[in-house]
Amino acid sequence: MEQLNGRIAVVTGGASGIGRAVALALAAESMRVVVADIEQPPLDATVAEIAGAGGIAVGIVCDVSDWESVDALRARCTEEFGPADVVMNNAGVAGGGSISAVDLKAWEWTLAVNLWGVIHGVKAFLPAMVERGEGHIVNTASIAGHLTSTGMGAYNTSKHAVVGFSETLQQEMLEGDTGVGVTCLCPGFVATNIINSERNRQERYRDPGPDLGPDDDDLDGTALGDASSAIADLYGAQMDPAKVAEQVVGAVRTNQFWLFTDDLADGMIRERHADIERKATPTKRTHLVELMMLKGDS
Ligand SMILES: NC(=O)c1ccc[n+]([C@@H]2O[C@H](COP(=O)([O-])OP(=O)(O)OC[C@H]3O[C@@H](n4cnc5c(N)ncnc54)[C@H](O)[C@@H]3O)[C@@H](O)[C@H]2O)c1
């Protein structure tokens, strides 16, 4: 979609980090932007920032894990501005914990936001795009959607699913000659608020008690143990979300499917692909956090 000027964009998870930066960047391209997020105060702040810079935006509180909420977002967008031209399904949460230790509620929460949020966004906004024969969808996955680092099983599972969903969607859009483009955004490490994802965990996804499993443990970052504050510091030193936003704008304009924000994990991804091609049993691999530590040292 070469011409963005005057068109309409929706960005979920738009109040913070990557989503916020993309909302600002799209508004700077003279798009009218619907900023959607579960957290009201930073949502208001983002909309005010866009307006302060001369852009046009409306903020809508939305929980992407809830279909009714996303369908209401689509209705409000249509009412305020018209049908969406660009939709970025970006809202996401992350935490640590081994597959055996993370409780079921945390699994539900991670999949509900990271995967179902994307499914809901596509189900809500795609039909009108196909009907009009144009539009672009950006789904935020992660390099974790191409890797299998331990201690982040719920997150990895959600992001692998977003990768598979997005590839299938792109193929279907081509097959149907729909005119709708798809981008699968796979960020490396970006300096955002993702390490504090617990702030937005809905009550219904909280562990009600200690009896959900033998090693019941919330997905709250505590699994990162003593390393968690060091990781938080390292996160702060990662890529500027504004740089990612620039890349997203470029990908929408040029209809680029794969969008990796850097080449940090290329070697690890190649290693995994080589195992698959050789049908080989994987040996112990480098951990994503080790990769971040290495980057922090360089
Ligand atoms: N930061 C990174 O290093 C990194 C790397 C790979 C992928 N990602 C992905 O990027 C996306 C954006 O994350 P970020 O890093 O900017 O983190 P962030 O925490 O700064 O932003 C995430 C936003 O999503 C919102 N959100 C959370 N739950 C929601 C819900 N149920 N409904 C609506 N909004 C909700 C939050 O309020 C927040 O504004 C996520 O999908 C994340 O998995 C981030």
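## Helix H7

Let us start with helix H7, which covers residues 241-254. Helices here are DSSP runs of H or I with at least four residues, strands are runs of E with at least two, and both are numbered from the N terminus. H7 has 14 residues and reaches 20 Å from its first C-alpha to its last. That is close to the 20 Å expected at 1.5 Å a residue, where the expected span is 1.5 Å times one less than the number of residues.

This is a predicted model, in which local features need pLDDT of at least 70 and side-chain atom pairs count only at pLDDT 80 or more, while totals for chains, interfaces and linings use all residues. Residues are numbered from 1 along each chain as its sequence is written.

## Two sides of H7

Which residues of H7 are buried? They are Pro 241, Val 244, Ala 245, Gln 247, Val 248, Ala 251 and Val 252. (Buried means 20 or more other C-beta atoms within 10 Å of a residue's own, exposed means 12 or fewer, and partly exposed lies in between; C-beta atoms are placed from the backbone.) The buried residues sit on the same side of H7 because they cover an arc of only 160 degrees around the axis, taken from the directions from the helix axis to the C-beta atoms. On the other side of H7, Gly 250 and Thr 254 are exposed.

Just after H7 comes Asn 255, with a positive phi near 55 degrees.

## Around the ligand

The ligand is surrounded by 31 residues, each with its C-beta atom, placed from the backbone, within 6 Å of the molecule. Gly 13, Ser 16, Gly 17, Gly 92 and Thr 192 are the closest. H1 gives the largest share of this shell, three residues.
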